[in-house]
Number of protein chains: 4
Amino acid sequence: MRTVATPGTSAATREHGETTHWVLSLSCPDRPGIVHAVAGLLAELGGNITESQQFGDPLSGLFFMRVQVEAATSRELLDEALAVLAEEFSMTWTLDVAGRRMRTVLMVSTAAHCLHDLLFRQQSEGLPVDIVAVVSNHTALADVAAFYGIPFHHVPVTRDTKAEAEARLLELVEELDAELVVLARYMQILSDDLCRTLAGRIINIHHSFLPSFKGARPYAQAHDRGVKLIGATAHYVTGDLDEGPIIEQDVERVDHSKKVEDLVALGQDVERRALARAVRWHAEHRVLLDGHRTIVFR
Amino acid sequence: MRTVATPGTSAATREHGETTHWVLSLSCPDRPGIVHAVAGLLAELGGNITESQQFGDPLSGLFFMRVQVEAATSRELLDEALAVLAEEFSMTWTLDVAGRRMRTVLMVSTAAHCLHDLLFRQQSEGLPVDIVAVVSNHTALADVAAFYGIPFHHVPVTRDTKAEAEARLLELVEELDAELVVLARYMQILSDDLCRTLAGRIINIHHSFLPSFKGARPYAQAHDRGVKLIGATAHYVTGDLDEGPIIEQDVERVDHSKKVEDLVALGQDVERRALARAVRWHAEHRVLLDGHRTIVFR
Amino acid sequence: MRTVATPGTSAATREHGETTHWVLSLSCPDRPGIVHAVAGLLAELGGNITESQQFGDPLSGLFFMRVQVEAATSRELLDEALAVLAEEFSMTWTLDVAGRRMRTVLMVSTAAHCLHDLLFRQQSEGLPVDIVAVVSNHTALADVAAFYGIPFHHVPVTRDTKAEAEARLLELVEELDAELVVLARYMQILSDDLCRTLAGRIINIHHSFLPSFKGARPYAQAHDRGVKLIGATAHYVTGDLDEGPIIEQDVERVDHSKKVEDLVALGQDVERRALARAVRWHAEHRVLLDGHRTIVFR
Amino acid sequence: MRTVATPGTSAATREHGETTHWVLSLSCPDRPGIVHAVAGLLAELGGNITESQQFGDPLSGLFFMRVQVEAATSRELLDEALAVLAEEFSMTWTLDVAGRRMRTVLMVSTAAHCLHDLLFRQQSEGLPVDIVAVVSNHTALADVAAFYGIPFHHVPVTRDTKAEAEARLLELVEELDAELVVLARYMQILSDDLCRTLAGRIINIHHSFLPSFKGARPYAQAHDRGVKLIGATAHYVTGDLDEGPIIEQDVERVDHSKKVEDLVALGQDVERRALARAVRWHAEHRVLLDGHRTIVFR
């Protein structure tokens, strides 16, 4: 433990023998003194900063910061101190225990690659999510969920039952206390209402290098256009379809000999890579919103 | 020399002591027997195939082939034999000496990176082009051309003189017997007429990953959209702006901290890479047109 | 069906109403006339070449060819005709039905990522292998095999039982008529004898960008050396450890902030990508041996 | 201007009407309070942090920080305050004006690609170096230097004159007040003495993906081994040849059809990319030494 016994931390240290590794993400209007104030608050509480990144966007005039800090202090003390600071700097902030698994619902239709990939990475690679449910408008992937021991919910969607289905989804999100919803190739368009309700908490993987080939059948479009690279885009979902803030993109090289189905197969690799990174960064509080752009402290 | 003395080649062999390395590119409606017929013709003339690629496009029903062959035969004999074959198979074909430098005009405005790059690669990396002129609507890059000893032609373009300027360009292309025109960041839109006249002989580098961000200021558009990769596209120019057949594309990773001018600087690397590859492949007869797509035998 | 009724194929066509898509891979000393002879043989049998690639290696003096052909002929006729040709040109050749699934044994220890990946790609992405067994010196991955319905064989290995274990493996390979053995992160070194017996039929994934970091704990070595990219190499196994012919390599960017365990997690993505490609290309007869190098007709 | 009138900065603000954009890089033994102390010092002087990155290496126990700050203070005041802090934390630090061009000597032999590239990027892409001399053991590239208006020094090296040549180089470095020496494909091995004298100030580009293919003719080695990717490595030069701390690496995909000379040509692109990035990051004080590894705050 590397805390220092200063007057300001003695109370905390007395109460909490164990050091916690915290992660704090924040944004506020840019002005001098923010870093000093944050570092000061953390030093007051006996914290040791292990990782920190900042960015000031000259266009939006906003300042962004993510800091990991080891401290033997309670969440209450931290929350209290941060609330005061947030007031002063008009700050939006999130405090979490570093490495805590974010409660996540995966939504799928029939394509299995992203589901498999996220479940596997959660189990084996330390993807910091706790997958509390797989929700699908089909039943095809129930056995995959079962293999990983994740509850599977079949919520069918027809034109007539869409509102009902979304209500059921929201209910699940609330019941399960889910913080994040990942559309892992879920082939239904969400209503504007739902997008707004879960704003900043839904990540989608679009099987194209946005903003190319928005809309339906992007690989067919890409094939027809004769592109030499195909891509995928992980983004937050907003009401404006395929236009939400981009979190991550990746590409794969293709050539003339590839048929549409080859592009689909090759694309799956890009999709799962881009989606897994986006989910990891979101769960680690590395992604901050700057209007319709993202700041990603990788 | 690895020719074989067969009756069919004896005449050719007698006349031409030296072996030439030929490259033959062709396309025709797909049907059985094409490869056999081409290989047979070349064997007849004592040729040794050193490299060969084929592709049949099930969508267009066209067959494409590129073959390099060492043969001690004359162009006349080859042309004659190929004309007969072309008749039979409704073939479009090109025969060239492998490695011959294609006579090329570079067109530029004020951005120097692609010009520098192509001139340098021609001089030092064996890019198989003979750059016979640099044409520009500005004078800023005259000294670069001079350094490499290439004639520089200033052809200013205003709204009123555009037709005149294009006529001058065509005149230059004819006088210099240029086979290829490369728009190496030439910031003028060519008329439909010129595009048609030089169809399949003009390559452009577009500073975006087409079909994203067509039109003006693509890096500003990319920045505004918050993309995580920027790209460039080398394509043939057609009347339909930024929609010509794509030859090559490449990308570079960027993040939130990059300003528009950073994207521009990073993009220059992608642009020159993609353009240089496209020019090389075209000059080596590796690019064949399949409707509005390209077959690239890399 | 696009066969042509020529005298040479009439018998075959009569017997075999259905067209088969064949893939033929061959190598032989380079000399004129090979392509013509092969194309001629295929044309004789009424075949239509749909894909073909050739390469002549000036260093080894060997010629390599892979051709896919649609033909309504029997295997017997093809085998017979190819045997004659092979005699004439001192040819090594393989004839297979295109897309046939190669019977494959996967060997694993405790790391699950490559196993999961290959099983998933076999099931969902058309990886053309028929996985007939998972063999492991541990039991940790038995449930993964069970999920995909693949027989799992636990063959423990100790210093004393190594010979016995390898005998059991060979027995399995024979009983199951396996054509390919994939070491999907199998952490035992095979004996020279076994390597020789299965020469050209064992593919390994090495968790490094060979020839860097041969031997044990490559990610720890890479971390210690401070490299900025980590890689993986899929290669044929020979007696000379980590020195077999390379089939495929790939890399991922890393930075100073990554710990050894992060490199391991990031590396898993590269490993499974490189291995899956190598297995696909091998199963499609796209990989030919040229001494200790490979020709890969992608 | 975004300074804040605090008692501590009033003197500075009075004296210096203009804000300067500073970059501060530092490393020291890790312990709590460093960020707070640095941020406090900068806030005291009225500074506004615009960019900041930190990293604590658990292995070496060292802490690294790079911060860009706008402040209307004099270098003297900053130096003074930092000296006090450095004493307290046993800190190594560098303070510079952000964007100042680092005085740089380029050393070359006969290969022109890296020289061209660096000169071009300096002129056109804002590479923040001031190239004060090109030094070569050959005369082949004198005209390239001349084109860019850079003094060219021919310092021939033979076995007998090596010590003399190095003395001449050191003399030039001192006369020209050069801060950085870039070996842009300089094909002479520097003596241990020279490496020590200029420790941390010489960057080399090695035409291989280190630690593969150390030593001579790496592309020939890579070709012989049949690798599927070729790479380049930019690193600091130490007495231990090709073993200095790695700054940047990159790769390019190759296949069996590429001859050694093709690898060389393809490799040039990777070399110039990797070297240009390394030079930029060094000149921007983004590279800090952590034993024989580098911390790169990109």
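These are my notebook entries on a predicted model with chains A, B, C and D, covering domains, interfaces, salt bridges and a few backbone oddities.

**Entry 1: the domains of chain A**

I started with the domain split. Chain A divides into domain 1, residues 20-97, and domain 2, residues 102-296. I then checked the record: an unreviewed UniProt entry annotates residues 23-100 of chain A as "domain: ACT". I looked up the secondary structure over that annotated stretch and got 33% helix and 42% strand. The C-alpha atoms at its two ends lie 10 Å apart.

**Entry 2: where domain 1 meets domain 2**

Next I looked at how the two domains of chain A sit against each other. Their centres, taken over C-alpha atoms, are 30 Å apart. Domain 1 of chain A puts 16 residues into the contact, and domain 2 of chain A puts in eight. The area buried between these two domains is about 860 Å², with 52% of it on carbon and sulfur atoms.

How many salt bridges link domain 1 and domain 2 of chain A? I count two. I also pulled up the A:Asp57 and A:Arg293 side chains, which form a salt bridge with 4.0 Å from N to O. That N to O value sits right at the cut-off, since the rule asks for a distance within 4 Å. For polar contacts between the two domains, the tally is six residue pairs, both partners at pLDDT 80 or more.

Which elements of domain 1 give two or more residues to its side of this contact? They are β1 (20-29), β2 (48-57), β3 (62-71) and β4 (92-97) of chain A. I noted that β3(A) has the largest share, five residues. Sorted by class, this side of domain 1 comes out as six nonpolar, six polar and four charged residues.

**Entry 3: chain B against chain A**

Then I moved on to the chain interfaces. Chain B and chain A each give 34 residues to their contact. Together they bury about 3,200 Å², 54% of it on carbon and sulfur atoms. The rule finds four salt bridges across this interface. I looked up A:Arg253 with B:Glu248, a salt bridge whose closest N and O atoms are 3.0 Å apart. Polar contacts between chain B and chain A come to 19 residue pairs, both at pLDDT 80 or more.

On the chain B side, the elements giving two or more residues are α8 (218-225), β11 (246-253) and β13 (293-296). The largest share there is that of β11(B), with seven residues. By class I have 14 nonpolar, nine polar and eleven charged residues on that side.

**Entry 4: chain C against chain D**

I ran through the list again for the C and D chains. The contact takes 34 residues from chain C and 34 from chain D. The buried area is about 3,200 Å², and 54% of it is on carbon and sulfur atoms. I count four salt bridges between chain C and chain D. C:Arg225 and D:Glu243 make a salt bridge, with 3.2 Å between the closest N and O atoms. The polar contacts here number 19 residue pairs, both at pLDDT 80 or more.

For the chain C side I noted α8 (218-225), β11 (246-253) and β13 (293-296), each supplying at least two residues. The largest share, seven residues, is from β11(C).

**Entry 5: a salt bridge from A to C**

I wanted the overall salt bridge count too, and over all chains it is 106. I looked at A:Arg272 and C:Asp117, whose side chains meet at 2.3 Å, N to O. Which helices does this pair join? It crosses from helix α9 (residues 260-283) of chain A to helix α4 (residues 113-124) of chain C.

**Entry 6: backbone oddities**

Last, I checked the backbone. The peptide bond from A:Leu210 to A:Pro211 is cis, with omega near 10 degrees. A:Pro211 sits in the loop between β9 (202-206) and α8 (218-225) of chain A. In chain C, the bond from C:Leu210 to C:Pro211 is cis too, with omega near 5 degrees. C:Pro211 is in the loop between β9 (202-206) and α8 of chain C.

I also noted positive phi values at non-glycine residues. B:Ser90 has a phi of about 50 degrees, and its place is the loop between α3 (75-89) and β4 (92-97) of chain B. C:Arg185 has a phi of about 70 degrees, in the loop between β8 (180-183) and α7 (192-197) of chain C.

Key. Residues numbered from 1 in each chain as written. Chains lettered and ligands numbered in written order. Heavy atoms only, no water. UniProt positions renumbered as here; feature names shortened; annotations may be inferred. Helix = DSSP H or I, 4+ residues; strand = E, 2+ residues; numbered from the N terminus. Contact = heavy atoms within 4.5 Å. Buried area = accessible area lost by both parts, 1.4 Å probe. Polar contact = N/O pair within 3.5 Å; in protein donor to acceptor, adjacent residues only side chain to side chain. Nonpolar A, V, L, I, M, F, W, Y, C, P; charged D, E, K, R; others polar. Domains from an automatic or database assignment.
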